[in-house]
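Please look over the sequence and the model below before reading on. The text then goes through the sheets, the helices packed on them and the aromatic pairs.

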Amino acid sequence: MEALHLRPLLLPNPILKRVFQTPLSILSITRPQLLFNNNNNNNTNFTITPKTLTVRRAGWFLGLSDNSKKMKLPDIVKAGDPVLHEAAQEVDPNEIRSERVQKIIDDMVNVMRNAPGVGLAAPQIGVPLRIIVLEDTKEYISYAPKEDIKAQDRQPFDLLVILNPKLEKKSNRTALFFEGCLSVDGFRAVVERHREVEVTGLDRNGEPIKITASGWQARILQHECDHLDGTLYVDKMVPKTFRTVENLELPLAQGCPKLGPR
(Lines give C-alpha, C1' and ligand atoms only; values in the text may rest on other atoms or scores of the structure.)
Protein backbone atom coordinates (compact mmCIF):
# COMPACT_ATOMS: atom_id res chain seq x y z
CA MET A 1 0.00 0.00 0.00
CA GLU A 2 1.27 3.46 -0.80
CA ALA A 3 1.97 5.98 1.89
CA LEU A 4 -1.29 7.80 2.44
CA HIS A 5 -0.14 11.27 3.39
CA LEU A 6 -2.31 13.94 1.93
CA ARG A 7 0.03 16.90 1.56
CA PRO A 8 3.09 17.54 -0.62
CA LEU A 9 6.33 17.77 1.31
CA LEU A 10 9.88 18.64 0.30
CA LEU A 11 11.96 15.68 1.41
CA PRO A 12 15.65 15.82 2.35
CA ASN A 13 17.09 13.96 -0.62
CA PRO A 14 19.97 15.73 -2.39
CA ILE A 15 19.40 13.85 -5.65
CA LEU A 16 15.64 14.25 -5.91
CA LYS A 17 15.06 17.94 -5.31
CA ARG A 18 11.35 17.85 -5.99
CA VAL A 19 8.06 17.82 -4.16
CA PHE A 20 6.57 14.42 -3.36
CA GLN A 21 3.34 13.37 -1.78
CA THR A 22 4.61 11.73 1.39
CA PRO A 23 4.01 7.98 1.85
CA LEU A 24 1.31 6.68 0.49
CA SER A 25 2.10 8.85 -2.54
CA ILE A 26 4.22 8.00 -5.51
CA LEU A 27 6.03 9.52 -8.46
CA SER A 28 7.78 7.35 -11.05
CA ILE A 29 11.53 7.40 -11.59
CA THR A 30 13.36 5.65 -14.41
CA ARG A 31 15.87 3.18 -13.08
CA PRO A 32 17.20 -0.30 -13.96
CA GLN A 33 15.01 -3.05 -12.56
CA LEU A 34 14.57 -6.77 -12.84
CA LEU A 35 11.34 -8.45 -13.79
CA PHE A 36 10.00 -11.20 -11.52
CA ASN A 37 8.17 -13.68 -13.70
CA ASN A 38 5.69 -16.34 -12.64
CA ASN A 39 6.02 -19.52 -14.68
CA ASN A 40 2.47 -20.46 -13.65
CA ASN A 41 3.17 -24.13 -13.07
CA ASN A 42 1.97 -26.33 -10.29
CA ASN A 43 5.22 -26.01 -8.39
CA THR A 44 4.89 -22.22 -8.31
CA ASN A 45 8.47 -21.70 -9.50
CA PHE A 46 9.68 -18.18 -10.23
CA THR A 47 12.57 -16.72 -12.18
CA ILE A 48 14.18 -13.29 -12.35
CA THR A 49 15.00 -11.95 -15.80
CA PRO A 50 17.01 -8.73 -16.37
CA LYS A 51 15.11 -5.92 -18.02
CA THR A 52 15.33 -2.13 -18.00
CA LEU A 53 12.09 -0.73 -16.64
CA THR A 54 10.51 2.39 -15.30
CA VAL A 55 9.96 2.01 -11.58
CA ARG A 56 6.42 0.89 -10.90
CA ARG A 57 4.93 1.64 -7.60
CA ALA A 58 2.56 -0.69 -5.76
CA GLY A 59 1.73 -1.31 -2.13
CA TRP A 60 2.26 1.66 0.24
CA PHE A 61 5.35 3.23 -1.35
CA LEU A 62 7.16 6.54 -1.68
CA GLY A 63 9.88 6.62 -4.33
CA LEU A 64 12.95 8.22 -2.82
CA SER A 65 15.97 5.93 -2.87
CA ASP A 66 17.96 4.65 -5.82
CA ASN A 67 19.22 1.39 -4.35
CA SER A 68 17.89 -0.72 -7.21
CA LYS A 69 21.24 -0.31 -8.96
CA LYS A 70 22.75 -2.33 -6.12
CA MET A 71 20.02 -4.97 -5.82
CA LYS A 72 18.38 -7.27 -8.33
CA LEU A 73 14.71 -6.87 -7.46
CA PRO A 74 11.39 -8.05 -8.89
CA ASP A 75 9.23 -5.53 -10.67
CA ILE A 76 5.90 -4.31 -9.30
CA VAL A 77 2.88 -5.86 -11.03
CA LYS A 78 0.22 -3.46 -12.34
CA ALA A 79 -3.58 -3.53 -12.15
CA GLY A 80 -5.01 -5.73 -14.86
CA ASP A 81 -2.58 -8.60 -14.33
CA PRO A 82 -4.68 -11.61 -13.21
CA VAL A 83 -2.36 -12.25 -10.25
CA LEU A 84 -3.72 -9.06 -8.66
CA HIS A 85 -7.35 -9.98 -9.22
CA GLU A 86 -7.42 -13.61 -8.11
CA ALA A 87 -7.11 -15.16 -4.66
CA ALA A 88 -3.57 -16.20 -3.74
CA GLN A 89 -2.67 -19.71 -2.59
CA GLU A 90 -1.77 -20.62 0.97
CA VAL A 91 1.84 -21.45 1.65
CA ASP A 92 2.45 -25.06 2.69
CA PRO A 93 3.75 -24.76 6.28
CA ASN A 94 6.30 -27.47 5.50
CA GLU A 95 7.73 -25.26 2.75
CA ILE A 96 8.07 -22.02 4.74
CA ARG A 97 11.71 -22.59 5.67
CA SER A 98 12.63 -23.68 2.15
CA GLU A 99 15.13 -21.66 0.14
CA ARG A 100 12.44 -20.79 -2.41
CA VAL A 101 9.98 -19.29 0.09
CA GLN A 102 12.71 -17.53 2.04
CA LYS A 103 13.96 -15.95 -1.20
CA ILE A 104 10.45 -14.68 -1.96
CA ILE A 105 10.23 -13.12 1.50
CA ASP A 106 13.66 -11.50 1.16
CA ASP A 107 12.69 -10.09 -2.24
CA MET A 108 9.47 -8.66 -0.82
CA VAL A 109 11.25 -6.94 2.06
CA ASN A 110 13.90 -5.51 -0.26
CA VAL A 111 11.33 -4.24 -2.78
CA MET A 112 9.31 -2.63 0.02
CA ARG A 113 12.32 -0.93 1.57
CA ASN A 114 13.86 0.05 -1.74
CA ALA A 115 10.69 1.91 -2.72
CA PRO A 116 10.61 2.71 0.23
CA GLY A 117 7.20 1.67 1.44
CA VAL A 118 5.29 0.43 4.43
CA GLY A 119 3.73 -2.77 3.10
CA LEU A 120 3.71 -5.27 0.25
CA ALA A 121 1.79 -8.43 -0.69
CA ALA A 122 3.37 -11.27 -2.65
CA PRO A 123 0.97 -10.92 -5.63
CA GLN A 124 2.37 -7.42 -6.18
CA ILE A 125 5.64 -8.97 -7.32
CA GLY A 126 3.82 -11.62 -9.34
CA VAL A 127 3.87 -14.36 -6.70
CA PRO A 128 0.40 -15.88 -6.06
CA LEU A 129 1.11 -16.84 -2.45
CA ARG A 130 -0.45 -15.58 0.79
CA ILE A 131 2.48 -13.61 2.17
CA ILE A 132 2.58 -10.00 3.35
CA VAL A 133 5.35 -7.82 4.75
CA LEU A 134 4.92 -4.45 6.46
CA GLU A 135 6.98 -1.92 8.36
CA ASP A 136 6.48 1.71 9.33
CA THR A 137 9.45 3.69 10.62
CA LYS A 138 9.92 6.92 12.53
CA GLU A 139 11.58 8.35 9.43
CA TYR A 140 8.60 7.66 7.18
CA ILE A 141 6.23 9.08 9.77
CA SER A 142 8.34 12.20 10.17
CA TYR A 143 7.48 13.20 6.59
CA ALA A 144 3.77 13.47 7.43
CA PRO A 145 2.09 16.57 8.87
CA LYS A 146 1.58 16.24 12.62
CA GLU A 147 -2.17 16.68 12.34
CA ASP A 148 -2.35 13.79 9.85
CA ILE A 149 -0.27 11.55 12.10
CA LYS A 150 -2.64 12.22 14.97
CA ALA A 151 -5.83 11.79 12.93
CA GLN A 152 -4.57 8.54 11.38
CA ASP A 153 -3.35 7.20 14.74
CA ARG A 154 -0.02 6.34 13.15
CA GLN A 155 2.74 4.73 15.22
CA PRO A 156 6.03 3.15 14.09
CA PHE A 157 6.39 -0.63 14.18
CA ASP A 158 9.14 -3.10 13.31
CA LEU A 159 9.20 -5.37 10.28
CA LEU A 160 6.42 -7.96 10.20
CA VAL A 161 6.39 -10.99 7.90
CA ILE A 162 3.11 -12.89 7.94
CA LEU A 163 2.29 -16.01 5.94
CA ASN A 164 -1.27 -17.29 5.50
CA PRO A 165 -2.69 -14.33 7.45
CA LYS A 166 -6.25 -14.39 8.72
CA LEU A 167 -7.74 -11.02 9.58
CA GLU A 168 -10.57 -10.35 12.02
CA LYS A 169 -12.06 -6.99 12.94
CA LYS A 170 -12.00 -6.24 16.68
CA SER A 171 -14.60 -3.47 16.75
CA ASN A 172 -17.17 -1.80 14.54
CA ARG A 173 -15.36 1.54 14.63
CA THR A 174 -14.11 2.71 11.23
CA ALA A 175 -12.15 5.58 9.69
CA LEU A 176 -12.04 7.12 6.21
CA PHE A 177 -8.77 8.22 4.61
CA PHE A 178 -7.23 8.38 1.15
CA GLU A 179 -5.36 5.31 -0.04
CA GLY A 180 -3.14 4.65 -3.01
CA CYS A 181 -1.54 1.58 -4.52
CA LEU A 182 1.66 1.20 -6.52
CA SER A 183 -0.23 -1.26 -8.69
CA VAL A 184 -2.57 1.62 -9.64
CA ASP A 185 -0.10 4.38 -10.38
CA GLY A 186 -0.95 8.03 -9.96
CA PHE A 187 -4.39 7.76 -8.34
CA ARG A 188 -5.99 7.95 -4.89
CA ALA A 189 -9.41 7.31 -3.37
CA VAL A 190 -11.04 7.31 0.05
CA VAL A 191 -11.47 3.89 1.65
CA GLU A 192 -13.33 3.07 4.85
CA ARG A 193 -11.39 0.66 7.07
CA HIS A 194 -11.85 -0.85 10.52
CA ARG A 195 -9.82 0.91 13.19
CA GLU A 196 -8.93 -2.22 15.18
CA VAL A 197 -8.07 -5.64 13.76
CA GLU A 198 -6.35 -8.86 14.77
CA VAL A 199 -4.25 -10.88 12.34
CA THR A 200 -3.05 -14.42 12.97
CA GLY A 201 -0.74 -16.47 10.79
CA LEU A 202 2.80 -17.82 10.63
CA ASP A 203 6.11 -15.94 10.74
CA ARG A 204 8.99 -16.64 8.36
CA ASN A 205 10.19 -19.44 10.64
CA GLY A 206 6.80 -21.15 10.52
CA GLU A 207 5.94 -20.17 14.08
CA PRO A 208 2.43 -18.89 14.99
CA ILE A 209 2.11 -15.13 15.14
CA LYS A 210 -0.72 -12.86 16.30
CA ILE A 211 -0.86 -9.10 15.71
CA THR A 212 -3.39 -6.83 17.39
CA ALA A 213 -3.32 -3.52 15.55
CA SER A 214 -5.13 -0.20 15.53
CA GLY A 215 -5.03 3.01 13.52
CA TRP A 216 -2.68 3.17 10.56
CA GLN A 217 -1.14 -0.24 11.16
CA ALA A 218 -4.61 -1.76 11.07
CA ARG A 219 -5.24 -0.01 7.74
CA ILE A 220 -2.00 -1.34 6.25
CA LEU A 221 -2.87 -4.88 7.34
CA GLN A 222 -6.32 -4.65 5.77
CA HIS A 223 -4.91 -3.21 2.53
CA GLU A 224 -2.30 -5.95 2.20
CA CYS A 225 -4.66 -8.79 3.18
CA ASP A 226 -7.08 -7.53 0.53
CA HIS A 227 -4.37 -8.10 -2.07
CA LEU A 228 -4.28 -11.77 -1.10
CA ASP A 229 -7.97 -12.07 -1.95
CA GLY A 230 -7.56 -10.38 -5.33
CA THR A 231 -8.99 -7.08 -4.09
CA LEU A 232 -7.52 -3.65 -4.83
CA TYR A 233 -8.42 -0.52 -2.90
CA VAL A 234 -10.38 0.74 -5.92
CA ASP A 235 -12.75 -2.20 -5.42
CA LYS A 236 -13.65 -0.74 -2.00
CA MET A 237 -13.33 3.00 -2.57
CA VAL A 238 -15.99 5.51 -1.58
CA PRO A 239 -17.81 6.63 -4.76
CA LYS A 240 -16.81 10.01 -6.23
CA THR A 241 -13.52 10.17 -4.30
CA PHE A 242 -11.27 8.66 -6.99
CA ARG A 243 -8.75 11.22 -8.26
CA THR A 244 -5.27 11.79 -9.61
CA VAL A 245 -2.38 12.51 -7.27
CA GLU A 246 -2.23 16.03 -8.69
CA ASN A 247 -5.82 16.64 -7.56
CA LEU A 248 -5.40 15.14 -4.12
CA GLU A 249 -5.70 18.49 -2.35
CA LEU A 250 -8.98 19.43 -4.05
CA PRO A 251 -12.11 19.29 -1.88
CA LEU A 252 -14.31 16.23 -1.94
CA ALA A 253 -17.52 16.40 -3.94
CA GLN A 254 -20.78 17.27 -2.22
CA GLY A 255 -22.28 14.30 -0.46
CA CYS A 256 -18.93 12.57 0.20
CA PRO A 257 -18.22 11.66 3.83
CA LYS A 258 -15.63 13.61 5.76
CA LEU A 259 -12.20 12.14 6.30
CA GLY A 260 -11.27 10.81 9.71
CA PRO A 261 -12.64 8.43 12.35
CA ARG A 262 -16.36 7.71 12.38
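What follows is a walk through a predicted model, beginning with its sheets.

One open sheet has five strands in the order 5-6-7-10-11, paired antiparallel. At its edges stand strand 5 (119–121) and strand 11 (208–214); each has a single partner strand, so one side of each is left without a neighbour in the sheet. From one strand to the next the twist averages 40°.

Inside this sheet, strand 6 (residues 131–136) and strand 7 (residues 157–169) run antiparallel and are joined by five bridges. Within strand 7, Leu163 stands opposite Ile131. Helix 1 (residues 99–114) packs on the sheet and touches strand 5, strand 6 and strand 7. The direction of helix 1 makes about 35° with that of strand 6.

Strand 7 also pairs with strand 10, again in the antiparallel sense, over five bridges. Here the bridge partner of Lys169 is Val197 in strand 10. Strand 10 (residues 196–202) is mostly covered, with six of its seven residues buried. Strand 10 is joined in turn to strand 11 by seven bridges, and these two strands run antiparallel. Val199 has Ile211 in strand 11 as its bridge partner. Strand 10 and strand 11 form a hairpin with five residues between the strands, where Gly206 takes a positive phi near 85°.

A further open sheet has four strands in the order 12-9-8-13, with antiparallel pairing. Strand 12 and strand 13 (260–261) are at the edges, and each has a single partner strand, so one side of each is left without a neighbour in the sheet. Strand 8 and strand 13 run antiparallel and are joined by two bridges. The bridge partner of Ala175 is Pro261 in strand 13.

Helix 4 lies across strand 8 and strand 9 of this sheet, running at about 55° to strand 8. How many of the residues of helix 4 are buried? The count is 14 of 14, and the helix is thus described as mostly covered. The length of helix 4 (residues 215–228) can be checked: at 1.5 Å a residue its 14 residues should span 20 Å, and the end C-alpha atoms are 21 Å apart, which agrees. After the helix comes Gly230, whose phi is positive, near 75°.

The aromatic side chains come next. A pair of aromatic rings is described by the distance of the centres and the angle of the planes. In the whole structure a search finds two aromatic pairs. One is formed by Phe177 and Trp216, which are edge-to-face at 5.8 Å centre to centre, with 75° between the planes. This pair links distant parts of the chain, since Phe177 is in strand 8 (residues 174–181) and Trp216 is in helix 4, 39 residues apart. Phe177 and Trp216 are both buried.

The rings of Phe187 and Phe242 have centres 5.0 Å apart and planes at 15°, so this pair is stacked. Phe187 lies in strand 9 (residues 184–194) and Phe242 in the loop between helix 4 and strand 12 (243–244), so the pair ties together parts that are 55 residues apart in sequence. Are these two rings' residues buried or partly exposed? Phe187 has a relative accessible area of 29% and is partly exposed. Phe242, at 39% relative accessibility, also counts as partly exposed.

Technical notes: Residues numbered from 1 in each chain as written. Predicted model: local features only at pLDDT ≥ 70, side-chain atom pairs only at ≥ 80, totals over all residues. Heavy atoms only, no water. Expected span 1.5 Å × (residues − 1). Buried < 20%, exposed > 50% of the residue type's maximum accessible area, 1.4 Å probe, protein only. Phe/Tyr/Trp six-rings, centres within 6.5 Å; stacked < 30°, edge-to-face > 60°. Pairing = 2+ DSSP bridges. Axes fitted to C-alpha atoms, helices over the stretch in contact; angles between N-to-C directions. Contact = heavy atoms within 4.5 Å.
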